[in-house]
Amino acid sequence: MVTIPEKKFRIRLSSYNSHTLDTSCNQILETVKQTNGVLVGPVPLPTKRRIYCVLRSPHVDKDAREHFEIRIHRRILDVYQTSPELINQLMKLELSTGVDIEIRF
């Protein structure tokens, strides 16, 4: 049985585009491997869907409506056995635009 040390910090990524999210996860994965850290993930979370219903014509035809959808893709990465070098590398890392990053210790 493998024992995992106590959690150091958790990185939570979210984006509207799944491809940019995956490339950001791969960049973080490679930097953690280079600094000999232990990474668990990326763990995909359920995709949130927001659906908006809009009337096509503001005056007539109440039945004519359009539906728009926004999908929010999310991933979680847990990083163990951190070092100051790893934290510096992650701070210098430039990820894709449109990727929201949240770090919890």
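A student and a tutor talk through how some terms apply to this predicted model.

Tutor: Residues are numbered from 1 along each chain as its sequence is written, and side-chain values use heavy atoms, with hydrogens and water left out. As this is a predicted model, local features need pLDDT of at least 70 and side-chain atom pairs count only at pLDDT 80 or more, while totals for chains, interfaces and linings use all residues.

Student: What makes Asp22 and Arg75 a salt bridge?

Tutor: The term asks for a side-chain nitrogen of Lys or Arg within 4 Å of a carboxyl oxygen of Asp or Glu. In Asp22 and Arg75 the closest N and O atoms are 3.2 Å apart, so the pair fits. The structure holds five salt bridges.

Student: Why is this pair said to tie parts together?

Tutor: Asp22 lies in helix α1 and Arg75 in strand β3, so the pair ties together parts that are 53 residues apart in sequence. Helices (H or I, at least four residues) and strands (E, at least two) are DSSP runs, numbered from the N terminus.

Student: Why is Arg75 called buried, and what is Asp22 called?

Tutor: Buried means under 20% relative accessible area, exposed over 50%, and partly exposed in between (1.4 Å probe, protein chains only). Arg75 has 14%, so Arg75 is buried. Asp22 has 32%, so Asp22 counts as partly exposed.

Student: What makes Arg49, Glu69 and Arg71 one network?

Tutor: Glu69 forms a salt bridge with Arg71, with the closest N and O atoms 2.7 Å apart. Glu69 also meets Arg49 in a salt bridge, at 2.9 Å from N to O. Glu69 lies in strand β3 and Arg49 in strand β2, so that pair links parts 20 residues apart in sequence. Glu69, at 37%, is partly exposed, and Arg71, at 40%, is partly exposed too. Salt bridges that share partners join the three residues into one network.

Student: How do you know that β1 pairs with β3?

Tutor: Two strands pair if DSSP finds at least two bridges between them. Strand β1 (residues 9-15) and strand β3 (residues 65-80) have seven bridges, in the antiparallel sense, so they pair. One of the contacts joins Arg12 to its bridge partner Ile76 in β3. β1 also pairs in the antiparallel sense with strand β4 (residues 99-104), over six bridges. There, Ile101 in β4 is the bridge partner of Leu13.

Student: Why is β1 called mostly covered?

Tutor: Five of its seven residues are buried.

Student: What makes the lining of the largest pocket nonpolar?

Tutor: Ala, Val, Leu, Ile, Met, Phe, Trp, Tyr, Cys and Pro count as nonpolar, Asp, Glu, Lys and Arg as charged, and the others, Gly among them, as polar. The lining has 11 nonpolar, no polar and no charged residues. Among them are Phe9, Ile28, Met91 and Phe105. β1, α2 (84-92) and β4 each give two or more residues to the lining, and α2 gives the most, with three.

Student: What is unusual about the phi of Asn36?

Tutor: Most residues other than glycine have a negative phi. Phi of Asn36 is near 60°, a positive value in a residue other than glycine. Asn36 sits in the loop between α1 (18-34) and β2 (38-55). Its relative accessible area is 63%, so Asn36 is exposed.

How values were computed: 1 Å grid on protein atoms, 1.4 Å probe; cavity = no way out; pocket = protein on both sides within 12 Å on 5 of 7 lines; lining within 4 Å.
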